Each structure stands twice: as structure tokens, then as C-alpha cells.
Amino acid sequence: MEQISSPEQVVITSGSQEGLYLIASLLARPGDLVLTEMPTYFGSLQLFQSLGMQVVPVPMDADGLRVDVLERILSHCRPRFLYTVPTYHNPTGWTMSAIRRKQLLALSEKYGLPIVEDDAYRHLHLDKEPPPALKALDHSGHVVYLNTFSKLLFPGLRIGWVAANRKLAQLLTRMKELSITTNTLGQLALAAYLRNGALRPHLENARLQYSEQAAIMESHLDRFSPLGIRYERPKGGFYFWVSLPEEINPRKLMARCLERGVSFTCGDMFLLREAEQPYIRLCFTHERSEKIDRGMKIIAEVLQQGKELQL
Ligand SMILES: Cc1ncc(COP(=O)(O)O)c(C=O)c1O
């Protein structure tokens with residue numbers, strides 16, 4: 001049984017991206033197989049591919065990663081680790097159910113599979129709190145936990161953290177000691193901010209603000225439904241994952257909206273390779289309510305014309 005019991009098991013990094021880079025470099029070599037949910041956060045995909053790793057996709061549904069498919073994969077190959085965003089997943093907004101979490105941990109123990117849990121959005125729930133992190137349920141020490149202040153405060157801070165079993169934490173610390181890209185001043189300022197108890201009220205405000213913004217975006221999406229738009233309300237995080245009707249090409253829609261000053265992300269960014277797919281990802285946290293309102297009206301107009309023009 002190995003839980004996080006000492007500060008030595010926590011390593012401060014220059015954002016999650018550096019944390020993920022250090023973990024991936026320790027756990028796998030070029031050519032090795034690594035598993036990720038598909039779709040997935042593109043920063044992780046780009047990283048694994050640039051390190052020469054072979055990414056094996058595991059499909060998801062609204063209850064999170066498909067553990068039945070994962071078990072089939074594990075029964076015939078030995079990937080080095082699984083990367084997952086189980087809570088308010090980027091881009092889908094889906095959250096892994098409590099049952100799937102237990103099943104995933106059982107598989108990880110059975111096959112000795114390290115799990116890299118990226119929990120960037122955990123504290124940004126829109127109503128009730130999410131299920132416990134995989135790391136909180138981990139008795140074997142197989143889960144490496146990753147989080148960041150990028151979503152809690154702002155990305156330019158470049159401060160994140162990794163929590164891992166003692167052995168891995170020691171190796172990560174040694175690697176981190178070689179890195180000269182540490183934002184020391186930012187860490188000192190953040191430490192003072194946390195000591196002053198400023199994070200909790202900030203998060204309470206942020207959650208209220210984001211709930212209001214999500215509600216505005218949702219009210220527009222509801223009005224889009226006669227146009228064939230489908231989505232599920234996220235319970236937290238930053239995004240609506242929206243499926244477009246077959247006849248609308250997401251890339252063309254994106255280009256038309258961009259001409260009118262509205263940007264969003266096309267779903268193919270989150271896949272292993274560009275492919276035709278019907279999704280776009282809309283972010284409800286970046287802009288305030290009034291701009292979201294204006295932006296959604298523009299998307300509606302372009303969609304309406306797109307239907308007529310066969311975009
Ligand atoms: C799942 C996930 N992890 C990590 C990050 C970024 O983390 P950082 O800025 O700390 O590198 C993002 C940002 O989009 C994300 O969606």
C-alpha cells in the first residue's frame with residue numbers, strides 16, 4: 001500500500017507539460033507503446049509522438065475510458081503506461097464513473113500498468129464535486145498524479161505538480177534538478193498567495209462565473225438543436241463537446257466563424273491523425289458572458305447559412 005505520505009513524493013514542475021515530459025521519459029523509450037484515451041488533450045499526444053512513442057488509442061464513452069477495450073488491449077500487448085484525464089476530460093468534458101475508476105485500478109494492478117492521471121480540471125466543477133481521483137483510490141502506487149495551476153489561476157504561471165510513489169518521485173526529483181526552466185519567482189509568489197488562503201475564494205468565484213458562462217453557452221446550444229446540433233452538458237472543466245450534423249464540415253465552419261472573429265477548436269485536433277469527424281470544442285471559460293452571447297449568435301448565423309450553403 002503506497003499513498004502520498006510525505007512532501008518528498010510531490011515534485012513541483014513547470015506546468016503539467018513538464019511533469020508529463022519527465023514521467024513519460026522515465027517510464028517509456030522511443031518505440032514503446034503508450035495508451036491514451038481517444039480523443040485526448042493534444043499537448044499529451046504531441047509530446048508522446050515527439051518522444052517517438054507509439055500511441056495506442058483507447059475509446060471512451062460518457063462514463064470515461066472503455067475499460068473493456070483496455071482489457072482486450074492489455075491481454076495481448078504490454079504498454080509502458082496509460083495517460084488519462086478521468087475528470088472533466090479535455091476535450092469531451094466527460095467524467096469517469098466511480099465504477100470505471102475501480103475497474104481501471106483493478107486492471108492496473110492485474111497487469112502492473114502504471115496510470116498517469118492528469119487532473120487539471122478537478123477543482124472546476126459546475127455543481128457537485130466529482131468522484132475521488134484515481135490517486136486517492138490507489139493502493140498499489142501505480143498511479144502517478146499530475147495537476148497544474150494553469151486552470152486554477154492562469155497558464156503563464158507555468159507551475160504544476162506530480163505526486164508519485166517514493167521510487168518514481170525520487171527519479172523525477174533527480175531529473176527535475178537538471179532542469180533550468182524553473183519559475184522560482186512565480187513559485188515564491190504562489191506560495192505566498194496560497195499561505196494567505198486566497199485560492200479558495202478565488203475558486204469559489206471562478207466556479208460561479210464559469211457556471212453562468214456555461215449556462216449562457218448552453219442556452220444558445222439548445223436553440224441550435226433544430227439545426228441538428230448535439231451535446232451533453234459538462235459537469236465541470238472548460239468545454240462543451242458539440243457534434244455537428246453530417247452535412248456541416250467542422251473545418252469550414254471554423255474558418256467562416258474565424259472570419260467573423262469567433263474561434264473554437266475542431267475535434268480532429270484531439271485525434272491521432274486528421275480525420276473526418278463531426279465534433280467541435282467550445283470553451284466557456286475564456287471569454288465573459290457578453291462575448292459568449294455575441295459569439296454564439298455569430299456561430300448560429302454561420303451554421304444557418306452553412307446549412308443552406310452545404311458548408
Ligand atoms: C488535460 C490538460 N492537462 C494539462 C494542460 C496544460 O497544463 P500546463 O499549462 O500546466 O502545461 C491542459 C491545458 O489545456 C489540459 O487540458
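The following paragraphs describe the overall build of a predicted protein model and then turn to several of its individual residues.

The protein contains 11 helices and 12 strands. Its 311 residues would, as a compact globule, be expected to have a radius of gyration near 19 Å, and the value of 20 Å found for the protein agrees with this expectation. Along the principal axes, the C-alpha trace extends over about 60 × 50 × 35 Å. Of the 311 residues, 53% count as buried, while the accessible surface comes to about 15,000 Å², with 54% of that area belonging to carbon and sulfur atoms. Among the contacts between residues with a separation of 6 or more, 71% are accounted for by residues 24 or more positions apart in the sequence. The protein carries 36 positive and 33 negative charges, and the mean positions of these two sets are 3 Å apart.

Thr13 belongs to strand β1, which comprises residues 10–13. With a relative accessibility of 1%, Thr13 counts as buried because this value is under the 20% limit for that class. A polar atom of the Thr13 side chain lies 2.8 Å from the backbone oxygen of Gly15. When neighbours within four places in sequence are left aside, the contacts of Thr13 include Glu18, Gly19 and Leu22, as well as the more distantly numbered Arg158, Ile159, Gly160, Trp161, Val162 and Lys176.

One of these partners of Thr13, Arg158, is found in the loop between α6 (149–152) and β8 (160–163). The phi angle of Arg158 is near 50°, which is a positive value in a residue other than glycine. Arg158 has a relative accessible area of 35% and is therefore classed as partly exposed, since this figure falls between the limits of 20% and 50%.

A positive phi, of about 50°, is also found at Tyr88, although Tyr88 is not a glycine. Tyr88 is placed in the loop between β5 and α4, and its relative accessible area of 2% makes it a buried residue. The loop between β5 (82–84) and α4 (98–111) also holds Pro91, and the peptide bond leading from Asn90 to Pro91 is cis, with omega near 15°. Another cis peptide bond runs from Met38 to Pro39, with omega near 5°, and Pro39 is located in the loop between β2 and α2 (42–50).

Strand β2 itself includes Thr36, whose relative accessible area of 0% places it among the buried residues. Apart from residues up to four places away in sequence, Thr36 touches Phe48, Val55, Val56, Pro57, Val58, Leu82 and Tyr83. Thr36 and Leu65 are separated by 29 residues in sequence, and their C-alpha atoms are 9.0 Å apart in space.

Asp32 occupies a place in the loop between α1 (15–27) and β2 (33–38). Its relative accessible area of 15% is under the 20% limit, and Asp32 is therefore counted as buried. The side chain of Asp32 has a polar atom 2.7 Å from the backbone nitrogen of Arg29, and it also makes a polar contact, at 3.1 Å, with the side chain of Arg80. Beyond residues up to four places away in sequence, Asp32 touches Met53 and Gln54 in addition to Arg80.

Notes. Residues are numbered from 1 along each chain as its sequence is written. This is a predicted model: local features need pLDDT of at least 70, side-chain atom pairs count only at pLDDT 80 or more; totals for chains, interfaces and linings use all residues. Side-chain values use heavy atoms; hydrogens and water are left out. Helices (H or I, at least four residues) and strands (E, at least two) are DSSP runs, numbered from the N terminus. The radius of gyration is taken over C-alpha atoms; the globule rule is 2.2 Å times the number of residues to the power 0.38. Buried means under 20% relative accessible area, exposed over 50%, partly exposed in between (1.4 Å probe, protein chains only). Contact means heavy atoms within 4.5 Å. Accessible areas come from the Shrake-Rupley method with a 1.4 Å probe; for residues, only the protein chains shown count as cover. Lys and Arg count as positive and Asp and Glu as negative; His and the chain ends are not counted. The place of a charge is taken as NZ of Lys, CZ of Arg, CG of Asp or CD of Glu. A polar contact is a pair of N or O atoms within 3.5 Å; within protein, one must be able to donate a hydrogen and the other to accept it, and residues adjacent in sequence count only if both atoms are side-chain atoms.
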